[in-house]
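These are my notebook entries on what I looked up in the structure shown here. I record each item as I checked it.

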2 protein chains.
Amino acid sequence: MQRILNNPDNITDEMLEGFMRVHADIVEPTDNPRAIRAKTSTKGRVGVVTGGGSGHKPAFIGFCGEGMCDAVAVGEICSSPTAKAFLDAFTAADGGKGVACLYGNYSGDNMNVKMAVKMAKKMGLTVKTVCCNDDVASAPLAEREKRRGIAGEIIMYKCGGAMASTGADLDEVIRVAQKAVDHSRSAGVGLTPCTLPAVGHPNFEIKEGTMEVGVGPHGEPGMEVCKLESAAGIAKRLTDIILPDYPFEEGDEVSVLINGMGATPLNEQYVLYNEVAKILDAKKIHIYKSYVGNYLTSMDMMGASLTITKLDDELKKMLDMPAYTMGFHER
Amino acid sequence: MQRILNNPDNITDEMLEGFMRVHADIVEPTDNPRAIRAKTSTKGRVGVVTGGGSGHKPAFIGFCGEGMCDAVAVGEICSSPTAKAFLDAFTAADGGKGVACLYGNYSGDNMNVKMAVKMAKKMGLTVKTVCCNDDVASAPLAEREKRRGIAGEIIMYKCGGAMASTGADLDEVIRVAQKAVDHSRSAGVGLTPCTLPAVGHPNFEIKEGTMEVGVGPHGEPGMEVCKLESAAGIAKRLTDIILPDYPFEEGDEVSVLINGMGATPLNEQYVLYNEVAKILDAKKIHIYKSYVGNYLTSMDMMGASLTITKLDDELKKMLDMPAYTMGFHER
């Protein structure tokens with residue numbers, strides 16, 4: 001395993017120590033070392049919280065900051081934050097108008113968020129949730145509630161965070177974050193597996209010359225393993241999965257997000273974007289806004305996912321509002 | 001080769017097509033498809049230009065935009081831009097007060113920049129240059145002019161671009177960019193080789209369990225191949241190379257930049273940063289500003305480099321000024 005590590009069991013602590021120092025202009029610690037908060041005040045407005053495991057950087061602490069998340073609960077590598085970490089993130093984000101917890105659909109996160117919401121309620125703090133389930137490849141439409149959250153989460157944070165920053169009430173923040181999820185569809189391909197530092201070897205396999213369509217960020221099985229295709233072939237495959245699911249149609253305005261899974265060079269992410277854009281152009285689906293980069297990664301995994309979000313005037317306004325975090329900027 | 005590509009010979013064209021569309025708020029094309037320009041006007045001030053091969057994203061087009069570079073010449077993967085591309089970048093950046101060309105010390109870039117400067121002179125356009133040579137591991141101090149430019153280039157662009165945006169004259173922009181270089185020292189370790197898409201297999205080797213100290217961004221040989229060390233060991237090794245070379249001493253104020261080489265997870269870059277910070281703390285060298293991330297990569301190479309820059313009030317002011325590019329933000 002060719003990685004830059006000390007004791008792999010300490011990676012989350014050591015990473016956080018570095019992260020908090022580098023980004024001291026944006027984030028600050030709380031009393032719980034597994035919950036961090038943005039320096040932006042939430043006084044008199046809704047606080048936005050997320051959380052998740054630590055192997056997906058910039059997700060999730062990289063989206064803590066102005067215009068996105070006000071506090072983030074931090075889990076170990078590929079492991080949900082504890083209920084206590086979520087609870088402490090809720091109290092850190094509480095500005096007196098309630099908290100919106102926007103998170104991804106994974107069993108551990110679901111369980112811990114639910115426990116934390118109950119604990120918060122006992123303390124008199126209202127927390128409402130949106131659970132992102134944008135990964136079309138992870139379950140059929142009829143079972144949408146089973147789908148994983150992947151890079152559509154970034155769109156959810158951006159829209160929810162923007163609405164919170166307008167001073168809107170909790171129900172409005174929840175409504176727009178849920179709308180961002182409902183209007184988003186994603187799918188990805190994995191080209192190589194990833195290696196958890198504490199394990200030292202890949203915990204699943206993707207054979208040279210093949211790719212796994214719909215692989216999850218922790219190596220969860222996808223829809224199928226097939227021959228590695230060209231960028232054009234991958235773009236066609238992903239849009240064939242995504243577009244009919246919503247459906248996206250001629251005349252729609254959308255955002256397009258290409259998310260690198262960690263080790264796929266940026267050049268190739270732009271090449272993939274370009275192929276997706278050609279397909280959408282041909283279908284007269286208008287791209288209003290585009291994002292390309294590593295947003296929700298799986299350490300050293302190669303591959304990329306595509307997220308398409310149908311935009312209305314409200315979502316466009318939310319995406320256009322400023323944000324300043326380690327992993328996402330909009331001015 | 002597990003990569004997202006069409007015909008590898010077209011990757012630069014296709015990447016650029018995607019890049020220009022995604023970042024149409026920041027950059028625009030010129031008449032030369034291998035020169036792009038920032039949307040920011042250079043009218044009445046110095047224009048800042050850089051350029052380089054296309055396998056190092058965000059470098060170099062990712063630093064085109066407000067507060068950094070006004071135009072960028074684009075080469076193929078691991079290949080210098082042509083003299084014509086540099087020349088066209090110069091004319092694109094020309095706002096009537098001359099052009100500062102800030103680039104890295106590679107033979108192809110040196111040759112093409114020199115030719116382009118001559119061609120510009122014939123056209124009546126004054127271009128002055130700074131050649132970044134921050135990589136301590138690539139030649140001894142006595143032969144500093146032979147050293148490669150690596151991630152210290154980002155500090156050079158930031159300081160030169162900031163000075164240009166103040167309206168300072170060409171000599172001032174060149175002076176501060178040269179100062180940024182002269183005050184910067186870098187060194188890196190490579191943990192895996194990279195694979196050029198058109199080649200299909202790594203063009204050099206780094207054996208499992210070893211690392212190459214001082215490997216260049218195109219696989220240029222480093223100082224030595226040794227056993228893969230812990231993050232703490234790598235931090236000690238890199239600071240042992242860098243600190244005596246300037247030298248950096250107790251009481252100095254510095255910026256620290258950890259640059260991921262492409263496939264090294266961000267978690268590990270923050271762990272490495274943390275170890276560097278501990279060493280500087282112990283030496284009472286004060287970290288004024290820190291950067292961690294993928295700035296100047298080698299596609300799918302694993303590894304990281306460290307750049308330390310000694311700061312005075314002027315350089316601090318330059319680093320603190322705003323920038324808005326694909327690959328670097330400061331507000």
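**Entry 1: Helix α1 of chain B**

I looked first at α1(B), which is largely enclosed by the rest of the structure, because nine of its twelve residues are buried. I note that the model is a predicted one. The helix covers residues 11-22 of chain B. I listed its buried residues: Ile11(B), Thr12(B), Glu14(B), Met15(B), Leu16(B), Gly18(B), Phe19(B), Met20(B) and Val22(B).

I then asked which elements the buried residues of α1(B) pack against. Within chain B, I found β1 (27-29), β2 (35-38) and β4 (71-74). From chain A, α7 (266-282) and β11 (286-293) also take part.

I checked the length of α1(B) as well. At 1.5 Å a residue, its twelve residues should span 16 Å, and the end C-alpha atoms are 16 Å apart, which agrees.

**Entry 2: Helix α7 of chain B**

I repeated the length check on α7(B), residues 266-282. Its 17 residues should span 24 Å at 1.5 Å a residue; I read 25 Å between the end C-alpha atoms, which agrees. Is this helix mostly covered or mostly uncovered? I found it mostly covered, with 14 of the 17 residues buried. After α7(B) comes Lys284(B), and I noted its positive phi, near 55°.

**Entry 3: Relation of the two chains**

I asked what turn lays chain B on chain A. The turn is 180°, with a shift of 0.0 Å along the axis and an RMSD of 0.0 Å. The two copies are therefore related as by a two-fold rotation axis. In chain B, I found that the C-alpha of Ala263(B) is nearest the axis, at 2.1 Å from it. Both copies use the same surface, since 98% of the contact residues of chain B recur in chain A.

**Entry 4: A nonpolar patch on chain B**

I looked for the residues that make a nonpolar surface patch of about 270 Å² and found Met111(B), Met115(B) and Met119(B). I placed Met119(B) in helix α3 of chain B, residues 107-122. Its relative accessibility is 31%, so I entered Met119(B) as partly exposed. In an α-helix there are 3.6 residues a turn, so residues three or four places apart point the same way.

**Entry 5: Lys84 of chain A**

I located Lys84(A) in helix α2 of chain A, residues 83-93. At 45% relative accessibility, Lys84(A) counts as partly exposed. I also compared Lys84(A) with Arg34(A): they are 50 residues apart in sequence, and their C-alpha atoms are 8.9 Å apart in space.

Notes: Residues are numbered from 1 along each chain as its sequence is written. Chains are lettered from A and ligands numbered from 1 in the order in which they are written. This is a predicted model: local features need pLDDT of at least 70, side-chain atom pairs count only at pLDDT 80 or more; totals for chains, interfaces and linings use all residues. Side-chain values use heavy atoms; hydrogens and water are left out. Copies are superposed by least squares on the C-alpha atoms of residues with pLDDT of at least 70 in both. Contact means heavy atoms within 4.5 Å. Helices (H or I, at least four residues) and strands (E, at least two) are DSSP runs, numbered from the N terminus. The expected span of a helix is 1.5 Å times one less than its number of residues. Buried means under 20% relative accessible area, exposed over 50%, partly exposed in between (1.4 Å probe, protein chains only). Patches are made of residues with over 30% relative accessible area and no salt bridge: like charges are joined within 9 Å, nonpolar side chains (Val, Leu, Ile, Met, Phe, Trp, Tyr) within 5 Å. Accessible areas come from the Shrake-Rupley method with a 1.4 Å probe; for residues, only the protein chains shown count as cover. A salt bridge is a side-chain nitrogen of Lys or Arg within 4 Å of a carboxyl oxygen of Asp or Glu.
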